[in-house]
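Me: I would like a close look at a single part of this model, worked through slowly and then set against the rest of the chain. Please begin with the loop residue that you find worth a careful look, and go outward from there.

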Amino acid sequence: MSRPTLPSPADIAVLAETFRLLGDPTRLRILFSCLDAPRSVGDIAQSLELSQSLVSHHLRLLRGARLVRGQRRARQVFYELADQHVSDMLADMAYHVAEEHAEK
C-alpha cells in the first residue's frame, strides 16, 4: 500500500476534530458496542450502564463526524459504524494497545 499524500489543511482540521471526538472514553465504548451489529440507543445505554439521553448526545456527535450511521426500523433507530474504515481503525488500535501491554 502506498503512503498517502499530506492532507489539505481543511482535511487536517477534520481529522483533528475526529481524533478529538475519539478521545472521549464514553464515545469509544459506544463505538465498540456497535462494532459487531447495529444497536438501538436503549440497547447501547443498557449494556454500557449509561442514560439514553447521554448515549443519544454522543451518537449525535459521532453521526456528525460520520463515524456512525443510523437506520430507522419502525419506531427505533439502530446505529452501526459508518463503514469498514471505522471498524478497521478501531480494531487496529485495540490490537495495537493490547500488543503494547503484552510486551511489558
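**A loop residue and its surroundings**

Reply: Ala74 has a relative accessible area of 74% and therefore counts as exposed, the cut-off for that class being over 50%. The model is a predicted one, and every value below is computed from it. Ala74 sits in the loop between E2 and E3, and its phi is near 60°, a positive value in a residue other than glycine. Most residues other than glycine have a negative phi.

The two strands on either side of this loop are E2, residues 68–73, and E3, residues 76–81, and they are linked by a side-chain pair, with Arg69 placed in E2 and Glu80 in E3, 11 residues apart in the sequence. Glu80 and Arg69 form a salt bridge in which the closest N and O atoms are 3.0 Å apart. Arg69 has a relative accessibility of 44%, so it counts as partly exposed, a class that lies between the 20% and 50% limits.

On the other side of E2, in the loop that joins helix H4 (52–64) to that strand, lies Arg66. Arg66 has a positive phi of about 60° although it is not a glycine, and with a relative accessible area of 68% Arg66 is exposed. Positive phi values are thus given for Arg66 and for Ala74, the one in the loop before E2 and the other in the loop between E2 and E3.

Beyond E3, the chain reaches helix H5, residues 84–103, in which Ser87 is placed. Ser87 has a relative accessible area of 15% and so is buried, the limit being under 20%. Leaving aside residues up to four places away in sequence, Ser87 touches Leu35 and Leu81, and Leu81 falls within the residue range of E3.

The salt bridge between the strands is one part of a count that comes to 2. Another is formed by Arg20 with Glu17, where the closest N and O atoms are 2.6 Å apart. Arg20 and Glu17 both belong to helix H1 (residues 9–22) and are 3 residues apart, about one turn of the helix, whereas the pair of Glu80 and Arg69 links distant parts of the chain. Glu17 is partly exposed, with a relative accessible area of 35%.

Helix H1 also holds Ile12, which is partly exposed at a relative accessible area of 40%. Ile12 joins Leu6, Leu15 and Phe19 in making a nonpolar surface patch of about 440 Å². In the segment before H1 is Arg3, which is exposed at 79% relative accessible area. The C-alpha atoms of Arg3 and His57 are 36 Å apart in space, for a separation of 54 residues in sequence.

For the chain as a whole, the secondary structure comes to 5 helices and 3 strands, in the order α-α-β-α-α-β-β-α along the sequence. The C-alpha trace spans about 45 × 40 × 20 Å along its principal axes, and 26% of the 104 residues count as buried. Of the contacts between residues at least 6 apart in sequence, 45% join residues at least 24 apart. The chain exposes about 7,500 Å², of which carbon and sulfur atoms supply 55%, and the mean positions of its 13 positive and 13 negative charges are 10 Å apart.

Methods:
Residues are numbered from 1 along each chain as its sequence is written. This is a predicted model: local features need pLDDT of at least 70, side-chain atom pairs count only at pLDDT 80 or more; totals for chains, interfaces and linings use all residues. Side-chain values use heavy atoms; hydrogens and water are left out. Helices (H or I, at least four residues) and strands (E, at least two) are DSSP runs, numbered from the N terminus. Buried means under 20% relative accessible area, exposed over 50%, partly exposed in between (1.4 Å probe, protein chains only). Contact means heavy atoms within 4.5 Å. Accessible areas come from the Shrake-Rupley method with a 1.4 Å probe; for residues, only the protein chains shown count as cover. Lys and Arg count as positive and Asp and Glu as negative; His and the chain ends are not counted. The place of a charge is taken as NZ of Lys, CZ of Arg, CG of Asp or CD of Glu. A salt bridge is a side-chain nitrogen of Lys or Arg within 4 Å of a carboxyl oxygen of Asp or Glu. Patches are made of residues with over 30% relative accessible area and no salt bridge: like charges are joined within 9 Å, nonpolar side chains (Val, Leu, Ile, Met, Phe, Trp, Tyr) within 5 Å.
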